[in-house]
Amino acid sequence: MKQLKFEHVYAEKIKKGEKTATFRVNDDKDIIAGDRVELVDKVDNTSPPSWLLTGVLLINEVEIKAIAQLGTEYFNSGGDFKDSLEMIATFRRFYGEHVDENTQVTILRFEFIPYETPRKFLEQNSTNERF
């Protein structure tokens, strides 16, 4: 199963229903509407043994747009940014200084389906779906 990794603060927002979308630059996972993607909660960003598989993101919608094309409704659903300047600054932290208003982002809108019991990311043996 495909996976999306989130820093702990964002994973917590997803679990609480406060975050229903994510923005990705250079998305290489080819995620499409209808995909089920595991949520990886990077509890301690620098320590993969702390990471947890906490549930599944059911992808409802996928869009690709330049940052400059995004309106307020996009920033609100992601729960991460108040405007494009904040988005660019954050993305530069993850992807490098080349990110600007012309950078294409993949917008993934989703519904979170929690696992009954989260499991360790490094112990994954994901041959059977658990939801």
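Two strands pair when DSSP finds at least two bridges between them. Helices (H or I, at least four residues) and strands (E, at least two) are DSSP runs, numbered from the N terminus. This is a predicted model, in which local features need pLDDT of at least 70 and side-chain atom pairs count only at pLDDT 80 or more, while totals for chains, interfaces and linings use all residues. Residues are numbered from 1 along each chain as its sequence is written, and side-chain values use heavy atoms, with hydrogens and water left out.

Five strands form an open sheet with mixed pairing, in the order β1-β3-β4-β5-β2. Its edge strands, β1 (3–7) and β2 (21–24), each pair on one side only. On average, neighbouring strands of this sheet are turned by 40° against each other, direction ignored. Angles run from 0 to 180 degrees between N-to-C directions, with axes fitted to C-alpha atoms, for helices over the stretch in contact.

Three of the pairings are listed here.

| Strands | Sense | Bridges | One bridge pair |
|---|---|---|---|
| β1 and β3 | parallel | five bridges | E7 and K42 |
| β3 and β4 | antiparallel | six bridges | R36 and L58 |
| β2 and β5 (residues 104–120) | antiparallel | four bridges | A21 and R109 |

Strand β3 is mostly covered, with six of its seven residues buried (under 20% relative accessible area; exposed is over 50%, partly exposed in between; 1.4 Å probe, protein chains only).

Two helices lie against the strands. Helix α1 (residues 8–15) lies across β1, β3 (36–42), β4 (52–66) and β5, at about 110° to β1. Helix α3 (residues 84–95) packs on the sheet and touches β1, β2 and β5, contact meaning heavy atoms within 4.5 Å. The direction of α3 makes about 60° with that of β2.
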